Amino acid sequence: MSAVKILLEITKNLFDHVRSGLPKEEREPYIERLNELLDQRQTIMGKLPATYSEEEQRMGQMIVKMNETIEPLLVRQFEEIKHNLSMMKKKKETNVQYANPYQTLSADGMYFDKKN
């Protein structure tokens, strides 16, 4: 099987995986599968020939067309994950602050007595 055909199959799998969407729960298996597909694709891209037959060029055009859909979806999912991580960090900080409200005191509004 040619490297272009293998790349097309992996790209189709990646396309289907990304279009299924980022699950709300149990994201770890989704992300692991995504990384696995991206790694496979990267490996195969290194094995692509210098010249292509007409059929391989047609397959390449299909790959490019799928990539035009895959890339924005990946960017959106990455942004969603980043947003969720920042929200979790904020919640964690808030929970720590509620658990121990006197741990981090600000000097704002404090009165300092200066007796000589």
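**A walk around helix 2**

In helix 2, the buried residues (under 20% relative accessible area with a 1.4 Å probe, protein chains only) are Arg-27, Tyr-30, Leu-34, Leu-37, Arg-41 and Ile-44. Look down the axis of helix 2 and these buried residues fall within an arc of 125°, so they line one face of the helix; the arc is taken from the directions from the helix axis to the C-beta atoms. That fits the usual geometry: an α-helix has 3.6 residues a turn, so residues three or four places apart point the same way. On the other side of helix 2 sit Glu-28, Glu-32, Asp-39 and Gln-42, which are exposed, meaning over 50% relative accessible area.

Some ground rules. This is a predicted model, with local features needing pLDDT of at least 70 and side-chain atom pairs counted only at pLDDT 80 or more, while totals for chains, interfaces and linings use all residues. Residues are numbered from 1 along each chain as its sequence is written, and side-chain values use heavy atoms, leaving out hydrogens and water. Helices are DSSP runs of H or I with at least four residues, numbered from the N terminus.

Helix 2 itself covers residues 27-45, 19 residues in all, and reaches 27 Å from its first C-alpha to its last, close to the 27 Å expected at 1.5 Å a residue (that is, 1.5 Å times one less than the number of residues).

What does the buried side pack against? Its partners are helix 1 (3-19) and helix 3 (54-99). Take helix 1 to start with: its axis and that of helix 2 come within 10 Å and cross at roughly 160°, with axes fitted to C-alpha atoms over the stretch in contact and angles running from 0 to 180 degrees between N-to-C directions. The two are therefore roughly antiparallel, the term for angles over 145 degrees. Among the residues meeting here (contact is heavy atoms within 4.5 Å) are Ile-6, Ile-10 and Leu-14 in helix 1 and Leu-34, Leu-37 and Ile-44 in helix 2.

Arg-33 also belongs to helix 2. Arg-33 is partly exposed at 32% relative accessible area, between the 20% and 50% cut-offs. Leaving aside neighbours within four places in sequence, Arg-33 is in contact with Asn-13 and His-17. Arg-33 and His-17 are 16 residues apart in sequence and 8.3 Å apart in space, C-alpha to C-alpha.

Now for helix 3. Helix 2 packs with helix 3 at an angle of about 140°, their axes 13 Å apart. The contacts include Tyr-30, Ile-31 and Leu-38 in helix 2, and Ile-70, Leu-74 and Ile-81 in helix 3.

Conventions. Parallel < 35°, antiparallel > 145°, perpendicular 65-115°, else oblique.
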